[in-house]
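Thank you all for coming; I would like to take a few minutes to go through one model with you. Please have the sequence and the structure open in front of you while I talk.

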Amino acid sequence: MDCRYIRFCAQRSAIDLYQLQELFNLAAFWARERKIEDLEIAINNSNPVVTVWDANRIIGFARATSDGIYRATVWDVVIHPDYRGLGLGRKLVETVLSHPLLNRVEKVYLMTTHQQSFYERIGFQENRTTTMVLHNFPSASPLPIPELGEADTVTV
Ligand SMILES: CC(C)(COP(=O)(O)OP(=O)(O)OC[C@H]1O[C@@H](n2cnc3c(N)ncnc32)[C@H](O)[C@@H]1OP(=O)(O)O)[C@@H](O)C(=O)NCCC(=O)NCCS
């Protein structure tokens, strides 16, 4: 493998969303069939977003969301199958973790179905006790739910 042109990039605007969609369709089972406009929303609302490139081709991706001090979550970690086993996945996750928005955070979470051993090598530990999930379908709530903008207060 010729690694001379491999580089890491934290610039969100550099991301070619069509290439990213292709990488997800090929190598990220949880992120297949994501729409371009939805990928754009996810990227705009994540920081950092780190891509790995071989020349002009995206071969890796990871992103995080963080409050900068208490909690952060790492999402959508993927390396193209042709480039696995070279240390790029580890470097990708470590690059995300060393970003100023994550490196002081008390707890960094992530969800993984199959890659526990990979993350354990980086320092993550299994955490079976605290995680819950809401599948966000419209609910039959008896109260109308207000949509709050930053400047709004609503009396119940
Ligand atoms: C998981 C993934 C990102 C790892 O990327 P990678 O570039 O192959 O990983 P690296 O070469 O940096 O490996 C780092 C270390 O983890 C180990 N490792 C990598 N994949 C592993 C696996 N599936 N199981 C156990 N160990 C693994 C490597 O042997 C290496 O160990 P070392 O540091 O002791 O030498 C990659 O396999 C991938 O994209 N998988 C599909 C998508 C996915 O499942 N992502 C995770 C979603 S939560």
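Let me begin with a question: which residue in strand 2 is the bridge partner of I6? It is D54, and I should say at once that we are looking at a predicted model.

That pair belongs to the contact between strand 1 and strand 2, which run antiparallel and are joined by four bridges. Going one step further, strand 2 and strand 3 are also antiparallel, with six bridges joining them, and V52 stands opposite G60 in strand 3. These two strands form a hairpin with two residues between them, and A55 in that turn has a positive phi of about 55 degrees. Strand 3, residues 57–66, then pairs with strand 4, residues 71–79, in the antiparallel sense over six bridges, and here F61 has V78 in strand 4 as its bridge partner.

Taken as a whole, the sheet is open, its five strands follow the order 1-2-3-4-5, and the pairing is mixed. Strand 1 (6–9) and strand 5 (107–110) stand at the edges, and because each has a single partner strand, one side of each is left without a neighbour in the sheet. From one strand to the next, the twist averages 20 degrees.

Now to the helices that lie across this sheet. Helix 1, residues 17–27, lies across strand 3 and strand 4, and runs at about 90 degrees to strand 3. Helix 3, residues 88–97, lies across strands 1, 2, 3, 4 and 5, running at about 155 degrees to strand 4.

What does the core look like? The largest nonpolar core has 19 residues, of which F61, A62, V74, V77, L92, V93 and V96 touch the most other members. Helix 1, strand 2, strand 3, strand 4 and helix 3 each supply at least two residues of this core. If we take A62 and leave aside its neighbours within four places in sequence, its contacts are V50, V74, D76, V77, L92, V93 and V96.

Finally, the ligand. Around the ligand there are 18 residues, and those that come nearest are R84, G89, R90, T112 and S117. Strand 4, helix 3 and helix 4 (116–122) are the elements that give two or more residues to this shell. By class, the shell has eight nonpolar, seven polar and three charged residues. Helix 3 therefore comes up twice in this account, since that helix supplies at least two residues of the core and also gives two or more to the shell around the ligand.

Technical notes. Residues numbered from 1 in each chain as written. Predicted model: local features only at pLDDT ≥ 70, side-chain atom pairs only at ≥ 80, totals over all residues. Pairing = 2+ DSSP bridges. Axes fitted to C-alpha atoms, helices over the stretch in contact; angles between N-to-C directions. Contact = placed C-beta atoms within 7 Å. Core = buried A, V, L, I, M, F, W, Y, C linked by C-beta atoms within 7 Å. Buried ≥ 20, exposed ≤ 12 C-beta atoms within 10 Å, placed from the backbone. Near = placed C-beta within 6 Å. Nonpolar A, V, L, I, M, F, W, Y, C, P; charged D, E, K, R; others polar.
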